[in-house]
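Here are my notes on the model you sent over. I have set them out as numbered points, so you can follow along with the structure open.

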Amino acid sequence: MAAVKCVGILTSGGDAPGMNAAIRAVTRSAIYNGLEVRGIYRGFRGLIDNEIAPFKTQNVSNIIQQGGTILKTARSKEFLTAEGRQKAYENMVAAGIDALIVIGGDGSLTGARIFAEEHNVPVIGIPGTIDNDLYGTDLTIGYDTALNTIMEAVDKIRDTASSHERLFFIEVMGRNAGFLALNGALASGAEAAIIPEVATEVDQLAELVQNGFRKSKNSSIVLVAESEITGGAMGLADRVKHEYPQYDVRVTILGHLQRGGSPTANDRILASRLGNAAIEALLEGQRNIMVGVHDDEVINVPFVKAVRKDKPINRELLNTLRVLSI
Ligand code: F6P
């Protein structure tokens, strides 16, 4: 296996706070270890369009505190085709890049895996998504910041919910995963979280009402994970209007607000550790893995495992939420 001399780094898919901290860590760790670095703009699309520039330590100064990604990001349709990936490979070789570091979520790491296998290129993934839905890592970069954003937003909505004695459904992101909704509910003292992992098993809305929901309260806040399976906040509010008209219901969809902002200390630390770990893994000869954390240790997770769709939520948290909502 030829030694790696030059790494390309890109961010792909939905941006997440802390991606910049990861770009900084990868760049600095690579240079520290004697490697050259190329920044690839606009994700895989940028690789196809040849948007590649040399990166020095100064390129990543003063970015650890910034949300978004200085490398920009995209969801590339062309990279889904073999022709697109061939073009990306040719540009990569022409730019002298012999390994790739990909920061992104499940779609991005799936693309990275296919590319790595097809062209025999060393690729290391770094989990960057607010959804926390990558299997094998306890946390993904951006998740903690998004949770804190949700908590602050819900605190504000609570003021008006309680003044008007209303029921609020607040929809949060997560792309079919309930981590943001469940932990956001716990952090903000919400009454319940309606999440896709459970929605297939029980009618969570009916269960809530039957269990004496709002017996001792005038206002209520329920966090809902965006998903066809949960029906989303709008779908649930429609049901309430028809099935439980005694409630004065309102909906807030937090949307892309959740993806912005300066990363929390936890996200900056996670991004710094994983960025450095990605370069160390590459130098150790690791290929086609995602670096992650488990029990506060950095671990390597094969791509195929990381993108499994069934990362489990902690059911104990659901019970805690239920107990605390009396
Ligand atoms: O994967 C991150 C995420 O923010 C999801 O939670 C959400 O479903 C999706 O991206 C939204 O994507 P877009 O920004 O392309 O609308």
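How many residues lie between β10 and β11 in their hairpin, and which residue in the turn has a positive phi? The first point takes this up. Bear in mind throughout that the model is predicted.

1. **The hairpin.** β10 and β11 form a hairpin with 2 residues between them. D295 sits in the turn, with a positive phi of about 50 degrees. The two strands run antiparallel and are joined by 6 bridges. One pairing to look at is H294, which stands opposite E297 in β11.

2. **Strand β10.** This strand covers residues 289-294, and 5 of its 6 residues are buried, so the rest of the structure largely encloses it. β10 also pairs with β5 (residues 123-127). That pairing is parallel and has 2 bridges. Here I124 stands opposite I289.

3. **The seven-stranded sheet.** β10 and β11 belong to an open sheet of 7 strands, with mixed pairing. The order is β3-β2-β1-β4-β5-β10-β11. At the edges are β3 (52-55) and β11 (297-302), each of which pairs on one side only. Neighbouring strands here are turned by 30 degrees against each other on average, direction ignored.

4. **β1 and β2.** Strand β1 (residues 6-11) runs parallel to strand β2 (residues 36-40), and 4 bridges join them. V7 has V37 as its bridge partner in β2. I9 stands opposite G39 in β2. In general, side chains in a regular strand alternate between the two faces of the sheet. β2 is mostly covered, with 4 of its 5 residues buried.

5. **The four-stranded sheet.** There is also an open sheet of 4 strands, in the order β7-β8-β6-β9. Its pairing is parallel. β7 (192-194) and β9 (249-253) each have a single partner strand, so one side of each is left without a neighbour in the sheet. The average turn between neighbouring strands of this sheet is 25 degrees, direction ignored. β7 pairs with strand β8 (residues 220-225) over 3 bridges, in the parallel sense. In β8, V224 is the bridge partner of I194.

6. **The ligand site.** Which residues surround the ligand? They are R75, D131, M173, G174, R175, E226, H256 and R259. By class, this shell has 5 charged, 2 polar and 1 nonpolar residues.

7. **Polar contacts to the ligand.** Three are worth checking on screen. A polar side-chain atom of H256 lies 2.8 Å from an oxygen atom of the ligand. For R75, a polar side-chain atom lies 2.9 Å from a ligand oxygen. G174 takes part through its backbone: a polar atom there is 3.1 Å from an oxygen atom of the ligand. On its own the ligand has 400 Å² of accessible area, and the protein covers 75% of that.

8. **R85.** Is this arginine, R85, buried or exposed? R85 counts as buried because its relative accessibility is 8%, and the cut-off for buried is under 20%. R85 lies in helix α3 (residues 82-94). Its side chain reaches the backbone oxygen of L80 at 3.1 Å.

9. **K72.** This lysine lies in the loop between β3 and α3. At 42% relative accessibility, K72 counts as partly exposed. K72 and G13 are 59 residues apart in sequence. In space, their C-alpha atoms are 9.7 Å apart.

10. **Positive phi in two loops.** Most residues other than glycine have a negative phi. R42 is not a glycine, yet its phi is positive, at about 65 degrees. R42 is found in the loop between β2 and α2 (43-48). At 27% relative accessibility, R42 counts as partly exposed. N176 is another residue other than glycine with a positive phi, near 70 degrees. N176 lies in the loop between β6 (167-172) and α6 (179-188). With a relative accessible area of 48%, N176 is partly exposed.

Terms used. Residues are numbered from 1 along each chain as its sequence is written. This is a predicted model: local features need pLDDT of at least 70, side-chain atom pairs count only at pLDDT 80 or more; totals for chains, interfaces and linings use all residues. Side-chain values use heavy atoms; hydrogens and water are left out. A residue is near a molecule or strand if one of its heavy atoms lies within 4 Å of it. A polar contact is a pair of N or O atoms within 3.5 Å; within protein, one must be able to donate a hydrogen and the other to accept it, and residues adjacent in sequence count only if both atoms are side-chain atoms. Accessible areas come from the Shrake-Rupley method with a 1.4 Å probe; for residues, only the protein chains shown count as cover. Ala, Val, Leu, Ile, Met, Phe, Trp, Tyr, Cys and Pro count as nonpolar, Asp, Glu, Lys and Arg as charged, and the others, Gly among them, as polar. Two strands pair if DSSP finds at least two bridges between them. Axes are lines fitted to C-alpha atoms, for helices over the stretch in contact, and angles run from 0 to 180 degrees between N-to-C directions. Buried means under 20% relative accessible area, exposed over 50%, partly exposed in between (1.4 Å probe, protein chains only).
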